[in-house]
Amino acid sequence: MKKISKNIAILGFLFIGSLAFAQNTKEIPAVKNSDDKALIVKTDHQELEAKKKAAEEKAKLPKPYDAKADAEKDIENLVAKAKKEKKNIMIQAGGNWCIWCLRFNQYVQTTPELKKLVDDNYLYYHLNYSPENKNEKVFSKYGNPGDKFGYPVFIVLDQNGKMIHVQQSDVLEEGKGYSLEKVKEFFKTWTTTKS
């Protein structure tokens, strides 16, 4: 009987000891001192401020994507027109939810030399990708480049509607916008005239 109560006492001691050890290991403070706490608060504030500024910017920019458009039919019509005009087709895939998509559109529309380059050499189309209309059939035809590169992504078609290039957009960025030289070079590379 003494042996059993001794074993129970040892087991009880081990159980209580392991509980005490487990309690000690869980009590690691997330913030070590007030400077760390201030840093976290400052970072959260900066993040909220950046999101607010981005939302304000997005609200002001034109919204070129049409979720209700029949993209397949629109692109077919562009191909017919491209044959007549001997131009390639530039598809900018993205959505009105995407600030970088809106920034690129605005940049091209408000930069005279880019606007002229595009107008003279391309038929331009904004292919919508959004929860309302993912245009899955059209995107799958071009290998779903948004899945790989994100948005915006550019799909260049020749005059016959054949895909000749896919361009990710992040390589065209500079700061919080786009590089004039990189964008110009991209557009010049895929024209039919190669001037």
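Q: Which residue is the bridge partner of I155 in β4?
A: In this predicted model, I155 is bridged to V166 of β4.

Q: What makes β3 and β4 a pair of strands?
A: Pairing requires at least two bridges between two strands. Five bridges join β3 to β4, so the requirement of at least two is met. The two strands run antiparallel. Their hairpin has five residues between the strands, and G161 there takes a positive phi near 85 degrees.

Q: How do you know that β1 and β2 pair, and are they parallel or antiparallel?
A: Seven bridges join β1 (residues 88–94) to β2, and the cut-off is at least two, so they count as paired. The strands run parallel. Within this pair, G94 stands opposite N128 of β2.

Q: Why is one side of β2 and of β4 left without a neighbour in the sheet?
A: The sheet is open, with four strands in the order β2-β1-β3-β4 and mixed pairing. β2 (122–128) and β4 (163–168) stand at its edges with a single partner strand each, so one side of each has no neighbour in the sheet. From one strand to the next the twist averages 20 degrees.

Q: Which strands does helix α4 lie across, and what is its angle to β1?
A: Helix α4 (residues 99–110) lies across β1, β2 and β3 (153–157). It runs at about 145 degrees to β1.

Q: What does helix α5 touch in the sheet?
A: Helix α5 (residues 112–121) packs on the sheet and touches β1 and β2. The direction of α5 makes about 100 degrees with that of β2.

Conventions: Residues are numbered from 1 along each chain as its sequence is written. This is a predicted model: local features need pLDDT of at least 70, side-chain atom pairs count only at pLDDT 80 or more; totals for chains, interfaces and linings use all residues. Side-chain values use heavy atoms; hydrogens and water are left out. Axes are lines fitted to C-alpha atoms, for helices over the stretch in contact, and angles run from 0 to 180 degrees between N-to-C directions. Contact means heavy atoms within 4.5 Å.
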